[in-house]
Structure formats: C-alpha cells, structure tokens
Amino acid sequence: MPRLLVVHHSPSANAARLSEAVAAGTVDPAVGDVEVVVRSALSATAQDVLSADGYLLGTTANFGYMSGALKHFFDTVFLEAGGALGEDGSAGPGAGGRKPFGLWVHGRYDTTGATRSVLAIAGALPWRQGAGVLEVLGEVGEPEVESGYELGATLAALVQEPS
C-alpha cells in the first residue's frame, strides 16, 4: 500500500484547521487505499521520509520564512533523504525525482518568502511538485478548508500512480 507522509507545523487555530482539512482529504474514500502518516515537523524523521511514497508539507509563514519547526525537519532529514548541495553548501538543484509533494502555507500578511524557502529546499530533494502550493492568508474559512481537502486528496491519489 502506498504511504503518504504529512509533515506540518500548526501552532495556531487557523493553521491547525487547514492541517486537519489536508489530512482529511488524504483519506477521502474516492481516493483509494493509502497509508497516511501524520507527523509534527519536530517529530518527523528521515526514516519517515525514506519510507514514504509522497509528501505533504504544511507551515506557517514566519518573518518571511517557513516556520522554525519545518526548517528543523529539513535540517534533520535533508542529507539522509537524498538532498543535493551546491558548491557553496546551500540546497542545490536536485536530479529530479518521482515522489510527489504538496505544500500549504498559512500566513497573516504574506506567504511569499515561506513558500519560496520550502520550494528551494524541496527542489534539492528527489521529489517532484505534484500540486500547486496552497497559500492562505488570515482566517481559514470553508473555501480554504475545501482547498486544503482537495490538496490532501490530490497527493493521496498521486502516490498511487505507478512511477
């Protein structure tokens, strides 16, 4: 059975509501059988990453960057998960990969820097972007919950496709 890893940092009520919607979408009955493993960004391990067929990442936008917790996740798993480094030691362009990932970002005023930072690191892993980034500002209402659910269902369906 394919495995989908959901790694998130959801410290606020709005971020938690969005994370719950994404996780609910991963188990939509129309998607099929997928083992979904949900981890907080501070508890996810390299073994979680290596044993997954796809990934969903969720973060808040903090001071123009991803949350410290999601950055900690990347710092902890990056090299063991196959991350590529450039000559200057920064995340380098990856060789491309088959494992799909999706991203949602919640912010109060802006999500641009947080999105850019996650995509830069994810681009150096053997992953491929499987869906557009879900960026949400402010309150998380029904339209945002529906979009989160759809993101979760999309990635759950993608991990079932033959690679």
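How many ångströms should the 17 residues of helix α5 (residues 142-158) span at 1.5 Å a residue, and how far apart are its end C-alpha atoms? The expected span is 24 Å, and the end C-alpha atoms are 24 Å apart, which agrees; the expectation is 1.5 Å times one less than the number of residues.

This is a predicted model, in which local features need pLDDT of at least 70 and side-chain atom pairs count only at pLDDT 80 or more, while totals for chains, interfaces and linings use all residues. Residues are numbered from 1 along each chain as its sequence is written, and side-chain values use heavy atoms, with hydrogens and water left out.

Helices (H or I, at least four residues) and strands (E, at least two) are DSSP runs numbered from the N terminus. In α5 the buried residues (under 20% relative accessible area, 1.4 Å probe, protein chains only) include Val145, Gly148, Leu151 and Leu155. The elements below are among those that cover the buried residues of α5, where contact means heavy atoms within 4.5 Å.

| Element | Residues |
|---|---|
| β1 | 3-8 |
| α1 | 13-26 |
| β7 | 134-137 |

Leu70, placed in helix α3 (residues 68-77), is buried, with a relative accessible area of 0%. Not counting residues up to four places away in sequence, Leu70 touches Val7, Ala41, Gly58, Thr59 and Val118. The C-alpha atoms of Leu70 and Glu150, which are 80 residues apart along the chain, are separated by 22 Å.

How values were computed
Buried < 20%, exposed > 50% of the residue type's maximum accessible area, 1.4 Å probe, protein only.
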